[in-house]
Amino acid sequence: MSAIAQRTLIEIRWHARAGQGAKTAANILAQAALREGKYAQSIPEFGPERRGAPMQAFNRLSDEPFHMHSGITEPDIVIVVDPHLMDTIPVTEGLKPNGWIIVNTPIPPEEAQERWELKPYKVATVDASAIARETLRQDIPNVPLLGAFARVTGLLSLETLQTDTAQRLEKRFRDRPQVIEANLRALERGFNEVKWVEAKSIEVVTSEPVRVAAKGWKELVEGGIIPEPATSIMYRTGSWRLERPIFDPQKCVQCLMCWLVCPDAAIVLENGKVVGIDYDHCKGCGLCSLQCPPKAKALTMKLEAELDEK
Amino acid sequence: MVEVAKPLPKVTEEQKRLVALSGNEAQAEAMRQINPDVVAAYPITPQTEIVMQFAQFVADGKVDTEYVPVESEHSAMSACIGAAAAGARAMTATSSQGLALMWELLYIASGLRLPIVMAVVARSLSANLNIHCDHSDVMGARDSGWIQIFAEDPQEAYDSLIQAVVIAERARLPVMVITDGFIISHAVHPVTVYPDEAVREFIGDYEPEVSLLKVQTPVTMGPVDLPDYFMEHKRQQTEAMKRAKEIIPQVGEEFANFFGTKTYGYMELENMEDAEVAVISLGSSCGTVREVVKAMRAQGLKVGAVKLRVFRPFPRDELVRVLAGVQAIGVLDRADSLSAMGGPLFTEVKAALYDILVTQRHTTATQFIPLGGPKVVNYIYGLGGRDLTEEHVEEVFRELLDIAAGKQVEQTWRYLGVRE
């Protein structure tokens, strides 16, 4: 066993979408850990993407001071804020056997362990989105997941997390104490409602992660030039969507305003008429729905999470 | 033994014209003959004449160039980048604050691998306001991924600017050709000028592999480049600089064969074969140093000089081969890094020597190198146009000879010609 692997350091990786509050949650977690006398880091990862794009955040916790500033590749705990990522991103990559994976999903942990092949890990599930919608009236599932984390790992107490969640929100919502209250309720419900199961097998399939081998510098076109046109089509930004525009052809008056304002050319035209939406590239910004004449109302936005449930 | 006759140069002596030109006029003349597709420039002392004369060529219909009179150097380089990305042969010229204002664009030009050629007339940077020569502006750009070629006089400026076009396009890197402000830019020297057609034949037509105007094969230039690819592209850039090390002397030789000139390489040596001490410098001071070497040699003193022509890429191995055998080296810097450890040329020379000496001392070459290698002393001179006199240079050589004779080096770097 390597010296690094023997260290008593807890490493956590968050998988979420930009806008779901994973970075804030990681910050609250670090702050709470400091309050409990631990040493902690919270590391956000930034890309060019906007709201809805898959992102990661990281935490390190330890009783001893530590100083590394590198990324986390072999976490002890993985927290999945958006359940859709379970099917699109290798969330368990590098996760240590018998480590925790905490998923925001209504599915019970036993079923989740089967469905996503999580047998080597301790699995915890909590319907953080439902809790968030009921308490905060919007799908920001970060805080209930913090509660779940505290309960299953025992690394932090609920009380400390309550203090730090309140403190974190204090600045922004000073004049709206009900928002802070709602978050504290969400935190407590996450703590109380999380369910978990032990690892079923300690055997981890140790196959190397499957990746598309990126080209080395000798093979790449010099100067970072992209030598072919229209490559952005290959970037399926549809997975970033939190809300989905639903098109009703019966109500459409064919004013084409949606087509004009769509930043991703995701309104599909046939013979000059709107026929639907390219969900592979629609990021769910909602501009089309805003522009659709109120009398027509041919485009309405629906939460992806709610559409899934149906 | 059969003597292989060197092929005669393409351009005969009769076809050449010997004229009196200032450094700026020589560069403007080269630009006229190069006839670039686009020139975007902004005037600044002491470079102004280049832009002014070139604008006149445009007005008189002597070039086909699209001339873009921009409102700043930032825009000048931006326009050159746009033009070069579109497949044009683009040129500009600047000095001092102008080069400083271009700073962020310099990196974009080299990062996008655009073969832009720029005449830089070296001048100090403010504060305090000073329009005269030093290399602070050029040294500020030394890590921007541009090839940097120093010209000693107007002839070299003219020749180097023509070569720069070929070097840039072959290396796919931007090139700056540097002359010393006022000392060379405004001083008139004899310059041999070649026929227009010959210059155009030498540089040839520019056919970029990819360009934005090739609409049949569309490409994206300058996309966002995150941690997963950025470093590979920088690795390519450093490889291009390594390749440029081969291209520069290659083009210098082709130029000599074509125009019947001296062969341009990384450096020129004066009495280095048996020199015990040597001075290395950049730009116009090299001529002054050379004269002092000749005078001191007449006294039987074993002094030598290295004129470094190419600062980027830095010809480490070539330079070390020349310097490793001497006992004391004086490095003349016309810029201070303000690092409290000497000027930019000094630190490069020392780093280059260390690398080779340490490696060699552990291998087989011990007998060539005196234990500990040569002593290296730095002299910061000529800031803000302060004159470098022959007396100054002789003072340096005398000190180096003392050091070679065993005198302790008291200061590894000091100012030369400053009032204490």
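# Getting to know chains A and B

Q: Which residue in β13(B) does Val277(B) stand opposite?
A: This is a predicted model, to start with. In it, strand β10 (residues 277-281) of chain B runs parallel to β13(B), and four bridges pair the two. Across from Val277(B), in β13(B), stands Ala328(B).

Q: How many of the residues of strand β13 (residues 328-333) of chain B are buried?
A: Take the strand one face at a time. On one side Ala328(B), Gly330(B) and Leu332(B) are buried, and on the other Ile329(B), Val331(B) and Asp333(B) are buried too. With both faces covered, the count of buried residues in β13(B) is six of six.

Q: Which residue in β14(B) stands opposite Ile329(B)?
A: β13(B) also pairs with strand β14 (residues 375-380) of chain B, in the parallel sense and over six bridges. Look along β14(B) for the residue facing Ile329(B), and you land on Val376(B).

Q: Which strands of chain B are the edge strands, pairing on one side only?
A: Chain B has an open sheet of seven strands with mixed pairing, in the order β3-β2-β4-β5-β7-β6-β12. Neighbouring strands in this sheet are turned against each other by 20° on average, direction ignored. The two that pair on one side only are β3 (66-69) and β12 (310-312) of chain B.

Q: What is the bridge partner of Ile149(B) in β7(B)?
A: Strands β6 (residues 147-150) and β7 (residues 175-180) of chain B run parallel, joined by four bridges. For Ile149(B), the bridge partner in β7(B) is Val177(B).

Q: Is Leu226(B) buried or exposed?
A: You'll find Leu226(B) in the loop between α8 (196-203) and α9 (230-259) of chain B. A residue counts as exposed when 12 or fewer other C-beta atoms lie within 10 Å of its own. Leu226(B) has 10 such atoms within 10 Å, so it is exposed.

Q: How far apart are the C-alpha atoms of Leu226(B) and Glu348(B)?
A: Along the chain, 122 residues separate this pair. In space, the distance between the C-alpha atoms of Leu226(B) and Glu348(B) is 31 Å.

Q: What is the radius of gyration of chain A?
A: Chain A has ten helices and eleven strands. For its 310 residues the globule rule gives 19 Å, and the value for the chain is close to that, so chain A is as compact as a globular protein of that length. Its C-alpha trace spans about 65 × 60 × 40 Å along the principal axes. The radius of gyration itself is 22 Å.

Q: Why is one side of β2 (39-44) and of β7 (195-197) of chain A left without a neighbour in the sheet?
A: Seven strands make up an open sheet of chain A with mixed pairing, ordered β2-β3-β1-β4-β5-β6-β7. β2(A) and β7(A) stand at its edges, so one side of each lacks a neighbour there, the reason being that each has a single partner strand.

Q: What angle does the direction of helix α1 (residues 22-35) of chain A make with that of β2(A)?
A: β2(A) pairs with strand β3 (residues 54-62) of chain A in the antiparallel sense, over six bridges. Gln41(A), for instance, has Arg60(A) in β3(A) as its bridge partner. Helix α1(A) packs on the sheet, touching β1 (9-17), β2 and β3 of chain A, and its direction makes with that of β2(A) an angle of about 170°.

Q: Which helices of chain A do the buried residues of α1(A) pack against?
A: Among the buried residues of α1(A) are Ala25(A), Ile28(A) and Leu29(A). They are part of a group that packs against the strands β1, β2 and β3 of chain A. The helices that this group packs against are α5 (142-153) and α6 (158-170) of chain A.

Q: How many residues of α5(A) are buried?
A: At 1.5 Å a residue, the twelve residues of α5(A) should span 16 Å, which agrees with the 16 Å between its end C-alpha atoms. Its buried residues include Leu145(A), Leu146(A) and Phe149(A). The helix is mostly covered, and of its twelve residues the number buried is eleven.

Q: How many residues of chain A's side touching chain B are nonpolar?
A: The contact takes 13 residues from chain A and 18 from chain B. On the chain A side, four residues are polar and one is charged, while the nonpolar ones number eight.

Terms used:
Residues numbered from 1 in each chain as written. Chains lettered and ligands numbered in written order. Predicted model: local features only at pLDDT ≥ 70, side-chain atom pairs only at ≥ 80, totals over all residues. Pairing = 2+ DSSP bridges. Contact = placed C-beta atoms within 7 Å. Axes fitted to C-alpha atoms, helices over the stretch in contact; angles between N-to-C directions. Nonpolar A, V, L, I, M, F, W, Y, C, P; charged D, E, K, R; others polar. Rg over C-alpha atoms; globule rule 2.2 N^0.38 Å. Buried ≥ 20, exposed ≤ 12 C-beta atoms within 10 Å, placed from the backbone. Expected span 1.5 Å × (residues − 1).
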